[in-house]
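User: I'm new to this structure and would like a close look at one part of it. Could you walk me through the pocket and a few of the buried spots, in plain words?

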Amino acid sequence: MRLFENINIDFLGKRKTFYIISISLIVLGLISVFVKGLEYGIDFKGGTEVIVSFNKPVQLADVRTAASQIGIGNVEVKTYGTTAENVLIRTPLQEISQEQFDRIVVNIKKAIEEVIPETLYSVKDKATNSIVFTFSSPDTAKFIVDQLLSKGFQAGLFSQEETNRDIIVRVGVSDLIREGLKNKFTNYSFEVIKEDKVGPKIGKELRRDAVIAIFLSLIVILIYLGFRFKFVFGVGAVLALFHDVLVTLGFVSFFNGLIPGLNLEITQSIIAAFLTLVGFSVNDTVVVFDRIRENLKIHKTMDLKDLFNMSINRTLSRTILTSGTVFLVVLALLLFGGEVNRGFAFTFMIGIITGTYSSIYIASAIVYDWTMKRKKGKIEF
């Protein structure tokens, strides 16, 4: 299937107009980043993320009120997924106090005694975020673990040895949240299905590593294209990729919080989307460059501007079909992929548009202007 047969669009003749459009988008995006800022997810700023699943839909305002009364600082509450039963609660990074720890331990002991009222056990060890109990037999220990898990506690066998009689119960922010919600939602049943905790040091290292990963990928692409084509082609491709990343970053910053259900916090999945768009965009650009190199060998006396235009026109069908197909797939992922994939899908979808645009209007135009200025209109392979 081919589109745009026998067309002859003067892409390079309009390159200054598109330079202005690109620079305007980048500037507006950077203004959004500096004014509105980027909202980092728990992966990068540290904190605790708890997902609670209720047996029936709940009002987020009621969950927010209950969570804010627990005494764990400012909390963020939002729907998780597409149903109103699952709720995501985020809290600032914190350690629970000794008083809170002791209160949770009392509740654990009550739960144990409700299961087997006459059972004998002892506290073997305590840490800042866990407690170890010893029971009279391995079978009792296994039974207690199952019962505590069913009540929402983070319990497990201390070891997998057959003679093991110890269980470990982790104590965290999710226990405080569970207590607070239990008091508020007396007519509901719910369970904590996930708790993630990231320290500030790890978050800082992840932030640094993500930036390094993107810059290293751009440098490697510059080297690769420098060897495969000419250095000027590598410069054109990398500048176009910078363009794609900056424009997409501006869109992410601007749309974050504007559309209900669209979470655009900078998380590892968003970083993955940026790296994916880098790979996608450079692939499109290389196809155009390949055609330019091929035509340079065939039409050695042809005007460089006409040759560049001809190369872009002849690859336009492939570019539009490839990008359009991927766009439709990512659009489906955005609409039906659920909460977890929505940020990745939106970011990559914007990246597809900017990457396709830069492959047509920016990368080759930079190579052309560089060549006209430095090489006096000559490129030889």
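Analyst: Let's start with a word we'll need: a residue is called buried when its relative accessible area is under 20%, and exposed when that value is over 50%. Keep in mind that this is a predicted model. The protein chain averages a pLDDT of 82, and 93% of the residues score at least 70. Among its elements, helix α1 (residues 15–35) has the highest mean pLDDT, 92, while helix α2 (residues 42–45) has the lowest, 71. As a rule of thumb, where pLDDT is low, the predicted coordinates shouldn't be read in detail.

Now the largest pocket. Its volume is about 460 Å³, and 18 residues line it. K151, F153, R178, E179 and K182 are the ones nearest its centre. Two elements each give two or more residues to that lining: α4 (98–115) and α6 (173–184). By type, the lining splits into seven charged, six nonpolar and five polar residues.

Helix α4 is also home to A111, a good residue to look at next. Its relative accessibility is 5%, so A111 counts as buried. Setting aside neighbours within four places in sequence, A111 is in contact with L148, K151 and F153. Two of those names should ring a bell: K151 and F153 are among the residues nearest the pocket's centre. A111 and K151 are 40 residues apart along the chain, yet their C-alpha atoms are separated by 8.0 Å.

Next, hop over to S358, which sits in helix α11 (residues 338–361). S358 has a relative accessibility of 0%, which is under the 20% cut-off, so this serine counts as buried. What does its side chain make a polar contact with? The partner is the side chain of D244, at 2.9 Å. D244 also turns up in the wider list of residues that S358 touches, along with A240, H243, S281 and A363, once residues up to four places away in sequence are left out.

One last stop is S311, another serine, placed in helix α10 (residues 304–336). With a relative accessible area of 0%, S311 is buried. Leaving aside neighbours within four places in sequence, S311 is in contact with R291, I292 and N295.

To pull the buried spots together: A111 is at 5% relative accessibility, S358 is at 0%, and S311 is at 0% too. If you want one place to begin turning the model around, try A111, with its contacts to K151 and F153.

Key
Residues numbered from 1 in each chain as written. Predicted model: local features only at pLDDT ≥ 70, side-chain atom pairs only at ≥ 80, totals over all residues. Heavy atoms only, no water. 1 Å grid on protein atoms, 1.4 Å probe; cavity = no way out; pocket = protein on both sides within 12 Å on 5 of 7 lines; lining within 4 Å. Points joined across faces, edges and corners; volume = space filled by probe spheres on them. Helix = DSSP H or I, 4+ residues; strand = E, 2+ residues; numbered from the N terminus. Nonpolar A, V, L, I, M, F, W, Y, C, P; charged D, E, K, R; others polar. Buried < 20%, exposed > 50% of the residue type's maximum accessible area, 1.4 Å probe, protein only. Polar contact = N/O pair within 3.5 Å; in protein donor to acceptor, adjacent residues only side chain to side chain. Contact = heavy atoms within 4.5 Å. pLDDT = per-residue confidence, 0-100.
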